[in-house]
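Please study the sequence and the model shown here before attempting the exercises.

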Amino acid sequence: MNVAAVVPGARPVPHAPRPRWCPRARRSLCPRAAAEPAASSTAAAALVYAPTSRDRPLRTPHSGYHYDGTPRPFFEGWYFKVSIPECRQSFCFMYSVENPLFRDGMSALDRAVHGSRFTGVGAQILGADDKYICQFSEKSNNFWGSRHELILGNTFVPNKDSTPPEREVPPQEFYNRVLEGYQATPTWHQGSIRDDGRSNYVPNVQTARWEYSTRPVYGWGDVTSKQKSTAGWLAAFPFFEPHWQICMASGLSTGWIEWDGERFEFENAPSYSEKNWGGGFPRKWYWIQCNVFSGASGEVALTAAGGLRKIGLGDTYESPSLIGIHHEGKFYEFVPWTGTVSWDIAPWGHWRMTGENKNHLVEIEATTNEPGTALRAPTMESGLVPACKDTCYGDLKVQMWEKRDDGSKGKMILDATSNMAAVEVGGGPWFNGWKGTTASNELVNNIVGTQIDVESLFPIPILKPPGL
């Protein structure tokens, strides 16, 4: 993977300062000094923790931790985002584990038997003003994840005389046992990390703390239907790795985040979560995600992405791409096995995608003048290294129409804009723009597009594959 094309060696141009005051509105509350008592705030008072339900609504397939205990190269990564519209600030939490078979790192014997691998657990946050923090350990012995649910955590530094948790615990117990670390579930997220000094090439902060609850609004599918696997039923098998799953296309989060001592409080702030897993990241990719829109009623969520990934053991690559939109309780899916998706992506600053399926047409365009912040990704070649560039200040326009019988645009059903889109390019090389169209042949359409409920094939939970 050529990361030089997306990650400059020099420190980027400092981001322009943005207003720090947020009105006390429905979605968010104003930042304030971290030392002020939290109990007096509306957001803190509204925080309610409940253990994760086994039969929670809107649960997607592949919510669990996919590691199967074998020595094959493996990573899994998780992404949680909260956006505060009134401040025009977002916080993106990224967690990863690499080659967890070697929980204490690799010994000389391990390397002799399995070859050299990169190991460890990372926690990154892209936060206010696109600043960054990262904490990493080469050991994963204090990482844990639920086999079938979106529940995970890690302890970087335990409290004195305390044992790190090995499963979801109540918030106060977490604070009693964990000095630096995190735990995340579909409805609860808390933690505290400290920058470890490895990221002085980007504007960074030294500490971050957070605690918030989430009410899911959209999973990945119609709200009244069984939720879908983002990549289809073949995501249950390792042939098409890496795999990708949107776990929550949209939610409403309430709580607080302390960012280098500055406290952001929010109530019903738009939020999002996704994950990926497999042998390694794609060779090259692009991504757009947004939950904050003007010009549309109700909760709207967009996720669009594509990449270049290896298939099987040879040197064959494919370029899958998709656009997914949730609007007024319905899910609009544009994927190769139901239509076509086209893209035109610049090395940085411009993303354009179009999609077509049986009943709808969509066009999306994102731009940014921000320099972007280099983020890390788990790579097979170098471990958790700078491999992509992101900003949460993308300008985005989304338009979707009903499709007439002749294939032309009919009634417009969505026309929305945002100045808070998260946009990304990763891998490489990105010396030039990347254009293409993803469309599968009829045989592939019939195979991938077949509606197979893989979970129903394993009625006994203990027999379900990890992660499913």
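The exercises below move from the whole chain to single residues and pairs.

The model is predicted, so its local features need pLDDT of at least 70 and side-chain atom pairs count only at pLDDT 80 or more, while totals for chains, interfaces and linings use all residues. Residues are numbered from 1 along each chain as its sequence is written, and side-chain values use heavy atoms, with hydrogens and water left out.

**Exercise 1. Describe the protein as a whole.**

Step 1. The secondary structure consists of 4 helices and 24 strands; helices (H or I, at least four residues) and strands (E, at least two) are DSSP runs, numbered from the N terminus.

Step 2. Of the 468 residues, 57% are buried. Buried means under 20% relative accessible area, exposed over 50%, and partly exposed in between, with a 1.4 Å probe and protein chains only.

Step 3. Among contacts with a separation of 6 or more, 66% join residues 24 or more positions apart; a contact means heavy atoms within 4.5 Å.

**Exercise 2. Characterise the surroundings of Y79.**

Step 1. Y79 belongs to strand 2 (residues 75-84).

Step 2. Its relative accessibility is 9%, so Y79 counts as buried.

Step 3. Leaving aside neighbours within four places in sequence, the contacts of Y79 include F93, M94, Y272 and W287. The C-alpha atoms of Y79 and M94 lie 4.6 Å apart, although 15 residues separate the two in sequence.

**Exercise 3. Compare the settings of three salt bridges.**

Step 1. The structure holds 13 salt bridges, each being a side-chain nitrogen of Lys or Arg within 4 Å of a carboxyl oxygen of Asp or Glu.

Step 2. E180 and R194 form a salt bridge at 3.3 Å, N to O. This pair links distant parts of the chain, with E180 in strand 8 (residues 178-184) and R194 in strand 9 (residues 188-194), 14 residues apart. E180 is buried at 11% relative accessibility, whereas R194 is partly exposed at 47%.

Step 3. In the salt bridge of E333 and K228, the closest N and O atoms are 3.1 Å apart. E333 lies in strand 17 (residues 330-334) and K228 in the loop between strand 10 (207-218) and strand 11 (243-259), so the pair ties together parts that are 105 residues apart in sequence. E333 is buried at 13%, and K228 is partly exposed at 31%.

Step 4. E265 and R263 meet in a salt bridge at 2.9 Å, N to O. Here E265 is buried at 1%, and R263 is buried at 2%. R209, E258, R263 and E265 are linked in a network of salt bridges.

**Exercise 4. Classify two aromatic pairs.**

Step 1. Rings of Phe, Tyr and Trp (its six-membered ring) pair if their centres lie within 6.5 Å; planes under 30 degrees apart count as stacked, over 60 as edge-to-face and the rest as tilted. The count by this rule is 25 aromatic pairs.

Step 2. The ring centres of F93 and Y212 are 6.2 Å apart and the planes stand at 50°, so the pair is tilted. F93 lies in strand 3 (residues 89-98) and Y212 in strand 10, so the pair ties together parts that are 119 residues apart in sequence. F93 is buried at 0% relative accessibility, and Y212 is buried at 3%.

Step 3. Y286 and W434 form an edge-to-face pair, with 5.6 Å from centre to centre and 85° between the planes. Y286 is in strand 13 (residues 284-290) and W434 in strand 24 (residues 434-438), 148 residues apart. Y286 and W434 are both buried.
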